[in-house]
Amino acid sequence: MNYPFFLAKRLSLTSGKTKNAPAVTVAITAVALSIAVMLASIMIVLGFKKEIRDKVVGFNGHITLYSMPVNSDDDNIMTMTPTLKSILDSVPFVNNYSLQAAIPAILKTKNDFKGVYLRGLNGEISTKFIKKNLEEGEVVDFANDENKNSIIISRKAANQLQLKLHDTIDTYFISDDVRVRRLKIAGIYNSHFDQYDDVIIFGALQLVQQLGQIGKDQGTYLQISTDNFDDISNNTLSLQQTLNKALAEGYIYKMYRTDNVLNQGVGFFSWLNLLDTNVVVVLVLMMIVSCVTLISGLLIIILEKKRFIGMIRALGSPIKMTKRVFIYLALKIALIGMIIGNVIMLSLLYMQDKTHFIPLDADSYYIDFVPVSINIPAILYLNIGVLIVTYLVLIFPSGFVSKILPSETMRYE
């Protein structure tokens, strides 16, 4: 029988008859606060990284494919040929792809004007992204000819030009000559990414192709979605090698250049990587606070249980087993604190995830609420890691038990 565990389970943590000793209460509180802060740090940073990543991916896709001109007289128009489609369909990590086209435009009101890019809204990634960030209106079916002259503009552009939902605006397109279209605002989106919101509006791909005088199977680039964001760099290189091989073997006649969202949003991803360092600092500091408090609590408990130590040692309990009793006792305190911290913080995080009741300054953080990503594996790893570190840290101070001699503790009994 594991009697140290049995004794630790039955041993009281109270200093009186009804309440915990102050040292125990402080230790439980410190552990609960530490685990709560660590959970909040990890879940919020995971949520923040996910939200920012989704925004960058929403504008760029995972991998972007460009057509390279063969000679100086050639253009860089992307043509979706049957051979290119078959190559992309044969690549295992490609989930879907869509032809994209954009054209520069000028939005003109009576009192103001603004230069933008009209991008054809095409593909699952872009459409879902705009629907998620839509503030007013709707994402109409741009494949329908009735919606050919509808657009979705950003909140920033709408405010600058004093436009409202369902307003019409004269839009000038300049290529070989000047073309004018009166477009109707079907929706207003707000991604809080000023770098994109300031210059991008969305409309029908057919309209962009018509204004750019290109065919229905042509565009400016191809947006590709993959099955694993974490392997984008390797997938980009693999796709480039596949296309180069097809060119060398004569299956395709044009060179293609690949790029990915990690390069296109390098500033954002570098910033997100810095957050990992902040999380590590928070975890280390909270772990130190928790361990120091537990150690001090353990030492106080040992002093309060001197008579108990003297009694079980007089009954023949080895020092090793006696130490283990108090390690288990301290782990019991840690577990109580961890359970309290987990319950309270996970409840708050769940509420934040569903209601977004804690706001953020979107101008500084690109998001108007504190994002949360409740990751079950991360929660389990954190709790297991805290428990293991706590156990290892408690081994040394538990050695104080050996300083307590049975003869001294029982002298006045």
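User: How is the lining of the second largest pocket split by class?

Analyst: Sort the lining residues into nonpolar, polar and charged, then count. In this predicted model, the second largest pocket is lined by 6 nonpolar, 4 polar and 4 charged residues.

User: What volume does the second largest pocket have, and which residues are closest to its centre?

Analyst: Take the volume, then the residues around the centre. The volume is about 340 Å³. The lining has 14 residues, and K49, K50, R53, F229 and D230 are the closest to the centre.

User: Which helices supply at least two residues of that lining?

Analyst: Map lining residues onto secondary structure elements. Helix 2, helix 8 (232–248) and helix 10 (266–304) each supply at least two residues of the second pocket's lining. Helix 2 gives the most, with 4 residues.

User: Now the largest pocket. How much space lies in it, and which residues are closest to its centre?

Analyst: Read it the same way. About 400 Å³ of space lies in the largest pocket. Its lining has 21 residues, with D54, V57, G58, H62 and I125 the closest to the centre.

User: Which elements supply at least two residues of the lining of the largest pocket?

Analyst: Here strands appear beside helices. Helix 2 (22–60), strand 3 (94–100), helix 4 (124–132) and strand 12 (221–226) each supply at least two residues. Helix 2 gives the most to this lining, with 6 residues.

User: How many nonpolar, polar and charged residues does the lining of the largest pocket have?

Analyst: Count by class again. The largest pocket's lining has 9 charged, 8 polar and 4 nonpolar residues.

Methods:
Residues are numbered from 1 along each chain as its sequence is written. This is a predicted model: local features need pLDDT of at least 70, side-chain atom pairs count only at pLDDT 80 or more; totals for chains, interfaces and linings use all residues. Side-chain values use heavy atoms; hydrogens and water are left out. On a 1 Å grid over the protein atoms alone, a cavity is a set of points where a 1.4 Å probe fits but cannot get out, and a pocket is an open set with protein on both sides within 12 Å along at least five of seven lines; lining residues have an atom within 4 Å of a point. Grid points are joined across faces, edges and corners, and a volume is the space filled by probe spheres set on the points. Ala, Val, Leu, Ile, Met, Phe, Trp, Tyr, Cys and Pro count as nonpolar, Asp, Glu, Lys and Arg as charged, and the others, Gly among them, as polar.
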